[in-house]
Amino acid sequence: MDLDNIECVSSSDGMEEDEIHHPSLLSQFAASSKSSHHNAQINVINSNSPNRIGLHPSTSVHELLECPVCTNSMYPPIHQCHNGHTLCSTCKIRVHNRCPTCRQELGDIRCLALEKVAESLELPCKYFSLGCPEIFPYYSKLKHEAMCNYRPYNCPYAGSECAVVGDIPFLVSHLRDDHKVDMHSGCTFNHRYVKSNPREVENATWMLTVFHCFGQYFCLHFEAFQLGMAPVYMAFLRFMGDEADARNYSYSLEVGGNGRKLIWEGTPRSVRDSHRKVRDSHDGLIIQRNMALFFSGGDRKELKLRVTGRIWKEQQNPDGGACIPNLCS
């Protein structure tokens, strides 16, 4: 494609933001970009005019729209220096208004041509290598990627700020090998939690167990925290997968002692929801400290709780349409 130079106009020159020189050439490029999606090839080169960039077949459009500082895709406003070097608005602040390439002052020059080029593009989701087949207009891509079902999962371990991400098989191995989490097979569980000083809940002891059943993985959390002024203990289950799949399962938790018991039934939350979000929504079995000490028996100076539970899969009843439980044997 043979394109003349396209001017990037400074908004401080009194021109409207949508005013661009050579509109026919830009329309020609936009039409070509839409038909060939992300396969169009262009490159930014310096020219003698301080407010111009030259475009010629050589580098991918995606590279042209990549900020040289943070390497993220650039979205309006896209800034440039007098020599034609571009960068995103976030990095313009970070580099103290100095071009990171030539060290010239950036000023308030907007690269309106590049912004218009971006509007014409359709690009694949950045998770296409993980299986996402979708293609989106450039400015819609970020919104999709934030919710894409193929995006990696965050590590569900709650005891530390773990930055590891990956698919479910990778995270299961990571939890087992790096966090030393207990792994169990089966859909029923019987766990005993002991704490020598149950009055210390400010620095809660995080506990996590992973269960494998129905070909899926589930995370059982148990912890202590302050609910208002009252210390409480909480147990809840998270599904290692997306929310739509989590709705296919249910679980129950039971804790008791001295002839009393509490029972909770619910749907596991997806690990897409952070541990803190689930905890703060109180979506689980919550045990007040006085009740927990009553269940523990003895002189109430040591916490001894036994939490039992089971997981089952909801199946659609072909006759009435209602869900019936499929219990794990």
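**Figure 1. Asp245 in helix α7 of the predicted model.** Asp245 is a residue of helix α7, in a model that is predicted. Its relative accessible area is 40%, so Asp245 is classed as partly exposed, a class that lies between the buried limit of under 20% and the exposed limit of over 50%. Ser270 is 25 residues away from Asp245 along the chain, and the C-alpha atoms of the two are separated by 8.3 Å.

**Figure 2. The second largest pocket and its lining.** The space in the second largest pocket comes to about 280 Å³. Its lining is made up of 14 residues. Those nearest the centre of the pocket are Asp242, Glu243, Ala244, Ser270 and Arg272. Two elements, α7 (243-246) and β17 (269-270), each supply at least two residues of the lining. The most comes from α7, which gives three residues. Sorted by class, the lining holds seven charged, four nonpolar and three polar residues.

**Figure 3. Helix α6 and the strands against its buried residues.** Helix α6 covers residues 168-177, and its buried residues are Ile168, Leu171, Val172, His174 and Leu175. They lie on the same side of α6, because the arc they cover around the axis is only 160°. The elements they pack against are β8 (153-154), β9 (165-166), β10 (182-185), β12 (207-213) and β13 (216-227). At the N-terminal end of α6, Asp167 acts as a cap. A side-chain oxygen of Asp167 is 3.0 Å from the backbone nitrogen of Phe170.

**Figure 4. Helix α5, with its buried and exposed residues.** In helix α5 (residues 138-147), the buried residues are Tyr138, Lys141, His144 and Glu145. They fall within an arc of 100° when seen down the axis of α5, so they line one face of the helix. Lys143 and Met147 are exposed and sit on the face of α5 turned away from the buried side. Among the elements that cover the buried residues of α5 are α4 (112-119), β6 (122-124) and β7 (135-137).

**Figure 5. Helix α4 and its surroundings in the fold.** Helix α4 is largely enclosed by the rest of the structure, because six of its eight residues are buried. The buried residues of α4 are Leu112, Ala113, Leu114, Glu115, Val117 and Ala118. As part of its surroundings, α4 is included in what covers the buried residues of α5. For the protein as a whole, 42% of the 329 residues count as buried.

**Figure 6. Val194 in strand β11 and its contacts distant in sequence.** Val194 belongs to strand β11, which covers residues 188-195. Val194 counts as partly exposed, because its relative accessibility is 40%. Once neighbours within four places in sequence are left aside, Val194 is in contact with Glu302, Leu303 and Lys304. Leu303 is 109 residues from Val194 in sequence, yet the C-alpha atoms of the pair are 5.3 Å apart in space. In the protein, 53% of the contacts with a separation of 6 or more are between residues 24 or more positions apart. The protein as a whole has nine helices and 20 strands.

**Figure 7. Backbone features in the loop between α2 and β4.** The loop that runs between α2 (61-64) and β4 (78-80) contains Pro77. The peptide bond joining Pro76 and Pro77 is cis, with omega about 0°. Thr71 is found in the loop between α2 and β4 as well. Thr71 is not a glycine, but its phi is positive, at about 65°.

**Figure 8. Arg103 in the loop between α3 and α4.** Arg103 is located in the loop between α3 (89-94) and α4. Its phi is positive, at about 70°, although Arg103 is not a glycine. With a relative accessible area of 51%, Arg103 passes the limit of over 50% and is therefore exposed.

Notes
Residues numbered from 1 in each chain as written. Predicted model: local features only at pLDDT ≥ 70, side-chain atom pairs only at ≥ 80, totals over all residues. Heavy atoms only, no water. 1 Å grid on protein atoms, 1.4 Å probe; cavity = no way out; pocket = protein on both sides within 12 Å on 5 of 7 lines; lining within 4 Å. Points joined across faces, edges and corners; volume = space filled by probe spheres on them. Helix = DSSP H or I, 4+ residues; strand = E, 2+ residues; numbered from the N terminus. Nonpolar A, V, L, I, M, F, W, Y, C, P; charged D, E, K, R; others polar. Buried < 20%, exposed > 50% of the residue type's maximum accessible area, 1.4 Å probe, protein only. Arc of directions from axis to C-beta. Contact = heavy atoms within 4.5 Å. Polar contact = N/O pair within 3.5 Å; in protein donor to acceptor, adjacent residues only side chain to side chain.
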